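The exercises below concern backbone geometry, exposure and domain contacts. Each task is followed by a solution in steps.

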Amino acid sequence: MPRKPDPNLEQSIVEAALRLLAKQGVEAITMREVARAAGTTTPTIYERFKDRDALIAAVTDYHRDRLVSNLTSEDSLEVAATKFFDYCREHPTAVDLLLARIAANIKLRKRGPTYDIVRHNLMKVDGLNPKDAEEMTKATSAMIFGTALLVSKVDDRAIAREMERATCKMMRRLVASYKN
Amino acid sequence: MPRKPNPGLGGAILDSALQLIDEVGVDALTMREVARRARTSTPTLYERFYERETLLWALVDLLQADMYREVQGSSSLPEMSAILLDYASRYPGRLDLMSQYWPRLLGTDRPKPTLELAKKHFVESLRYEPADADEAAQALAALLIGTATLMRNAAPAAADGLRQAALRAVREMCRRVEA
């Protein structure tokens, strides 16, 4: 007789993986360790997640969704970028996953929810026309991606803060310039 | 009798290391393979470069000089940016090395000629205040490193879209608009 599916099991597996990620980084997420941390078995995990990549994708989705839930349709570009940088600082072990997701979306020619929010807000909050908003979303996504990537490589918080501030200031300047 | 010092060895080591970065990337660079390619021994390599990190910093300096040679004749920031994006697509391993070391490089007094040139463009041609130029040059670096890294993953049409969007942003940086 097949076991009754446990609706919470998938969630507790992802939560166990998230705890491992937060404590020890992405390398600590192995099917065996996650099984142990979730109080289940490796085969049960494989029933729910095809492989480690699928589990990592679920972990990335979680962080992406939390990041997106911080953003509102009233955020200016600068506010949205600041929220992204803050999220990266608070979840340093998730940064690589979030950045890899952005790169993967571009590779698959997919637009993630953050791309759409930034584009929408550039029109509605910052007042750009659709064509400029499209082009500026690409450039600013790259600038925010680059800043987060560089910040993740340095322990010196003063340097990191300076890079984030420089990017935010430049985005203010760019919004003003695109509008004129 | 001590061995005769080999004055060309330092250069041969750096050439080999750079070649390896171009071929296999930063993460796969090992001291043993650098020594083999430079036709020297691992102990001799460690005499010259105390550890892998020392060698990588020397490569960062070398790359800064090499990038500067590419951009020194450029007359504007968009032109300079286009050259740097092309350089990064030609040498993905060097791009990775630069993004790993760039923020730490900012905290040292090692030469940063490309950044200095960008600042000079901001101050002299665009009349930015020096403090603003410093920040603007850092933002430009983030834009170029971010764009080059994303372009690497993208299909040709999407990569071109990213490149165009970045260069448009650089042109906008060059307009006199108060934020």
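**Exercise 1.** Determine whether Arg127(B) is buried or exposed in this predicted model, and describe its backbone setting.

*Solution.* Step 1: count the neighbours; Arg127(B) has 10 other C-beta atoms within 10 Å. Step 2: apply the cut-off, under which a residue with 12 or fewer such atoms is exposed. Arg127(B) is therefore exposed. Step 3: locate the residue; Arg127(B) sits in the loop that joins helix H7 (113-125) to helix H8 (130-153) of chain B. Step 4: examine the backbone; phi of Arg127(B) is near 60°, a positive value in a residue other than glycine.

**Exercise 2.** Carry out the corresponding analysis for Arg109(A): where does Arg109(A) lie, and is Arg109(A) buried or exposed?

*Solution.* Step 1: Arg109(A) belongs to the loop between helix H6 (95-107) and helix H7 (113-124) of chain A. Step 2: phi of this non-glycine residue, Arg109(A), is positive, near 55°. Step 3: because 10 other C-beta atoms lie within 10 Å of its own, Arg109(A) is classed as exposed.

**Exercise 3.** Describe how domain 1 of chain B meets domain 2 of chain B, beginning with the domain bounds.

*Solution.* Step 1: the domain assignment places domain 1 of chain B at 1-49 and domain 2 at 52-173. Step 2: their C-alpha centres are 27 Å apart. Step 3: 10 residues from domain 1 of chain B and 12 residues from domain 2 of chain B make up the contact. Step 4: on the domain 1 side, helix H1 (9-24) and helix H2 (31-37) of chain B supply at least two residues each. H1(B) gives the most, with 5 residues. Step 5: by class, this side of domain 1 of chain B has 8 nonpolar, 1 polar and 1 charged residues.

**Exercise 4.** Which elements of domain 1 of chain A give two or more residues to the side that touches domain 2 of chain A?

*Solution.* Step 1: the bounds assigned in chain A are 1-60 for domain 1 and 71-180 for domain 2. Step 2: the centres of these domains of chain A, taken over C-alpha atoms, are separated by 30 Å. Step 3: the contact draws 7 residues from domain 1 of chain A and 6 residues from domain 2 of chain A. Step 4: the elements sought are helix H1 (9-24) and helix H4 (52-70) of chain A. H4(A) provides the largest share, 3 residues. Step 5: this side of domain 1 of chain A comprises 5 nonpolar, 2 polar and no charged residues.

How values were computed. Residues numbered from 1 in each chain as written. Chains lettered and ligands numbered in written order. Predicted model: local features only at pLDDT ≥ 70, side-chain atom pairs only at ≥ 80, totals over all residues. Helix = DSSP H or I, 4+ residues; strand = E, 2+ residues; numbered from the N terminus. Buried ≥ 20, exposed ≤ 12 C-beta atoms within 10 Å, placed from the backbone. Domains from an automatic or database assignment. Contact = placed C-beta atoms within 7 Å. Nonpolar A, V, L, I, M, F, W, Y, C, P; charged D, E, K, R; others polar.
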